[in-house]
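Here's a walk through one chain, from its overall build down to a handful of single residues. Keep the viewer open as you read.

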Amino acid sequence: MKYCTLSLAAMLLASTPGLAREAQAQADTAAEQQQAGDFRQRGVEDEVIYFVLPDRFANGDTSNDLGGYADDRLISGFDPAHKGFYHGGDLKGLTEKLDYIQGMGVTAIWFAPILKNKPVQGDPGNPGSFSSGYHGYWVTDFTQVDPHFGTNEEFAAFVAAAHARGMKVYMDIIANHTADVIRFAEDTYDYRSKGEYPYSTRGGPDGPRINKGFDPSDPSPENWARLTDPAYAYTPVVPEAERDVKVPAWLNDPIYYHNRGDTFWIGESGVDGDFVGLDDLFTEHPRVVAGMIDIFGNWIDQYGIDGFRIDTAKHVNPEFWRAFVPAMLERAEARGIPNFHIFGEIAYDTPDAITAARVMTEAELPYALDMGFAKAAQLVASGKESPAVMAEFLSQDVIYPGGAKTATGLPTFLGNHDFGRFSMFLRDYAETDDTDELLARTKLGHAMMFALRGVPTVYYGDEQGFISDGNDQLAREDMFESRVAEYNDNVLLGSDATTAGDNFDTAHPLYRLIGELAAMRTASPALRRGLTTIRAFDHEGPGVLAVERFDDASGQRVLAVFNTSNTPIKRVIGTESGTKSLVSLAGNCPSKPAAPGSVRISLPPLGWAICELVND
């Protein structure tokens with residue numbers, strides 16, 4: 001109890017009303033300090049994550065809007081009226097908004113990459129193709145914060161401020177590629193395969209012999225020292241102005257890149273091809289492996305961060321991750337970070353676990369962003385598909401490496417900066433523009449995310465009813481006053497506001513709901529760590545989904561029931577037969593079972609009930 005932190009004198013003073021408030025404040029402060037001191041003991045399953053693009057969140061320092069570059073958007077990348085350029089958000093602004101973020105019950109902040117980027121990229125022959133590195137995925141300097149976001153010192157201040165509150169900090173990292181700097185003398189960029197363009201000849205099998213004795217399957221440094229000529233498929237050329245732009249310096253040598261042209265996303269090209277032109281690192285190369293371990297290990301050493309989200313994880317050879325991940329966990333352990341959370345981006349768009357489980361197994365990744373959950377939630381909460389889709393998805397938890405326990409540490413989400421916002425999918429799948437229905441379905445989806453297994457991950461702006469017009473740039477709205485016309489004409493859910501004004505409303509119904517759900521989950525061992533038993537689901541049309549979560553360590557058992565239809569539902573749900581009573585964690589729960597092993601539940605349209613099952 002937090003009151004135990006008060007001295008006897010403080011308790012006596014608390015009998016006076018004015019002093020009671022002071023005593024309560026002292027108790028709350030002591031409890032917060034204790035929580036902050038213990039934050040690293042939380043397991044990865046215990047977090048509530050908030051994902052944010054710093055450029056689009058809060059502008060705490062307008063002096064860095066240009067990033068130190070000339071006031072020309074094609075040089076600085078700054079144009080707050082264009083959805084594809086920098087808008088001014090920064091680390092100082094993010095730090096200033098920690099109260100707002102923590103007010104939702106968030107315990108960990110994951111942000112898009114903040115490393116120094118190439119400010120602008122595009123095709124000179126197509127002026128409309130230019131955009132900026134506001135998103136952070138075009139890295140040139142892996143040792144510095146991008147000057148549009150601030151300085152390394154300001155990053156340290158942000159991490160310290162979050163840690164002082166007991167909040168963890170997750171960096172978004174990239175080992176697959178760097179910014180697009182390398183050009184090809186052939187001036188064409190179609191993918192050229194290893195079979196047609198082997199490492200042993202220049203320009204095809206009939207070309208002159210190069211890289212004598214090199215065997216790409218031999219991991220020894222001695223073998224890789226024989227790879228001296230990178231012109232096996234294309235002739236790489238680095239423009240003079242960008243010859244030394246990458247940091248550390250070894251990244252400027254084309255020998256450390258695949259140089260095979262643009263990926264078409266599957267097969268060999270999915271690993272060795274350039275990701276929409278971005279220079280694809282030769283991650284099989286021992287120098288690249290050691291270099292990336294050194295780069296990101298230093299961020300752990302220097303700043304004491306608490307986790308990595310790995311960008312484009314499935315586009316890197318699995319042997320790289322089998323070396324990289326243990327090295328990062330070892331560095332974190334040495335830094336006093338016992339629960340370092342590493343999860344990979346394994347992108348797909350189907351409601352299943354197959355792709356994620358396969359890549360996690362091959363690469364020995366501990367966790368992955370739960371793409372399958374997002375798609376299942378979009379389809380089921382919208383009413384487009386029956387609850388059987390989510391039931392079938394959850395039944396696949398056993399196929400992850402480590403089994404169903406691993407699934408409790410997968411970050412679950414509803415929508416994101418790449419695919420689009422959750423409410424947009426609901427609108428499209430439900431085929432309705434009724435904002436009341438969309439708000440109700442959005443609430444239902446968040447209830448599912450917080451009560452089902454996995455680590456709930458809220459996409460910034462969802463708590464303010466952002467809906468998005470599409471994916472990518474169209475789903476990256478500003479939280480501060482926006483000048484982007486494509487954002488400002490959107491109707492927001494649960495609010496009369498638009499993105500033309502700032503949107504940090506702590507009274508917004510979604511902000512309040514997320515805070516309530518986060519508190520419910522944080523207080524419940526079964527909702528944080530419990531394994532899942534499917535108890536009921538409708539398989540034709542919208543209807544009921546019921547799951548039971550059981551945490552063996554605490555013995556807590558929770559029944560979560562959802563109604564994805566527009567009509568009230570009454571249903572009898574099977575449960576563990578020893579249940580004597582029920583306690584509501586959310587929604588309307590009966591006080592007792594209807595019979596041993598049977599609970600009668602009544603749900604409103606698009607409603608839910610989360611009930612603790614008590615055996616004594």
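Helices and strands here are DSSP runs, with at least four residues for a helix and at least two for a strand, numbered from the N terminus. With that in hand, glycine 136 can be placed: it sits in the loop between S5 and strand S6 (139-145). Bear in mind that this is a predicted model.

**The chain as a whole**

The chain has 19 helices and 21 strands. Its radius of gyration is 26 Å, close to the 25 Å that the globule rule gives for 616 residues, so the chain is as compact as a globular protein of that length. Laid along its principal axes, the C-alpha trace spans about 80 × 55 × 50 Å. Of the 616 residues, 58% count as buried. If you look at contacts with a separation of 6 or more, 72% of them come from residues 24 or more positions apart. As for the outside, the accessible surface comes to about 23,400 Å², and 52% of that belongs to carbon and sulfur atoms.

**The largest pocket**

What volume does the largest pocket have? The figure is about 1,200 Å³. Its lining takes in 43 residues, and the ones nearest the pocket centre are His135, Trp138, Phe275, Val276 and Leu278. Helix H3 (73-76), strand S4 (120-121) and strand S5 (131-132) are the elements that give two or more residues to this lining. By character, the lining residues divide into 17 nonpolar, 14 polar and 12 charged.

**A buried helix**

Next, have a look at helix H12. In this helix (residues 371-381), 11 of the 11 residues are buried, so H12 is largely enclosed by the rest of the structure. The buried residues include Met371, Phe373, Leu379 and Val380, and Lys375 and Gln378 are also among them. What do they pack against? The partners are helix H13 (388-395), strand S13 (411-412), helix H15 (422-430) and helix H16 (435-451). After H12 comes glycine 383, with a positive phi near 85°.

**Backbone oddities**

Two residues other than glycine also have a positive phi: glutamate 364, near 55°, and serine 468, at about 70°. Glutamate 364 is in the loop between helix H11 (354-363) and strand S12 (367-368), while serine 468 is in the loop between strand S14 (455-459) and helix H17 (485-488). Are they buried or exposed? Glutamate 364 is exposed, with a relative accessible area of 52%, whereas serine 468 counts as buried at 0%.

There's a cis peptide bond to find as well. It runs from valine 247 to proline 248, with omega near 0°. Proline 248 belongs to the loop between strand S9 (236-237) and helix H8 (269-272).

**Three buried residues and their surroundings**

Back to single positions. Tyrosine 303 belongs to helix H9 (residues 286-303), and histidine 341 to strand S11 (residues 341-344). Tyrosine 303 is buried, with a relative accessible area of 13%, and 20% is the cut-off that buried residues stay under. Histidine 341 counts as buried at 0% relative accessibility, and glycine 136 is buried with a relative accessible area of 0%.

Here are some C-alpha to C-alpha distances that start from these residues.

| Pair | Apart in sequence | C-alpha distance |
|---|---|---|
| Tyrosine 303 and valine 169 | 134 residues | 9.8 Å |
| Histidine 341 and isoleucine 305 | 36 residues | 9.9 Å |
| Glycine 136 and glutamate 576 | 440 residues | 48 Å |

Now for the contacts, leaving aside neighbours within four places in sequence. Tyrosine 303 is in contact with Asn152, Phe155, Ala156, Val159, His163 and Arg335. For histidine 341 the list is Val44, Tyr170, Asp306, Gly307, Phe308, Tyr367, Gly409, Pro411 and Val455. Glycine 136, where we came in, is in contact with Pro113, Asn117 and Ile174.

Note on methods
Residues are numbered from 1 along each chain as its sequence is written. This is a predicted model: local features need pLDDT of at least 70, side-chain atom pairs count only at pLDDT 80 or more; totals for chains, interfaces and linings use all residues. Side-chain values use heavy atoms; hydrogens and water are left out. On a 1 Å grid over the protein atoms alone, a cavity is a set of points where a 1.4 Å probe fits but cannot get out, and a pocket is an open set with protein on both sides within 12 Å along at least five of seven lines; lining residues have an atom within 4 Å of a point. Grid points are joined across faces, edges and corners, and a volume is the space filled by probe spheres set on the points. Ala, Val, Leu, Ile, Met, Phe, Trp, Tyr, Cys and Pro count as nonpolar, Asp, Glu, Lys and Arg as charged, and the others, Gly among them, as polar. The radius of gyration is taken over C-alpha atoms; the globule rule is 2.2 Å times the number of residues to the power 0.38. Buried means under 20% relative accessible area, exposed over 50%, partly exposed in between (1.4 Å probe, protein chains only). Contact means heavy atoms within 4.5 Å. Accessible areas come from the Shrake-Rupley method with a 1.4 Å probe; for residues, only the protein chains shown count as cover.
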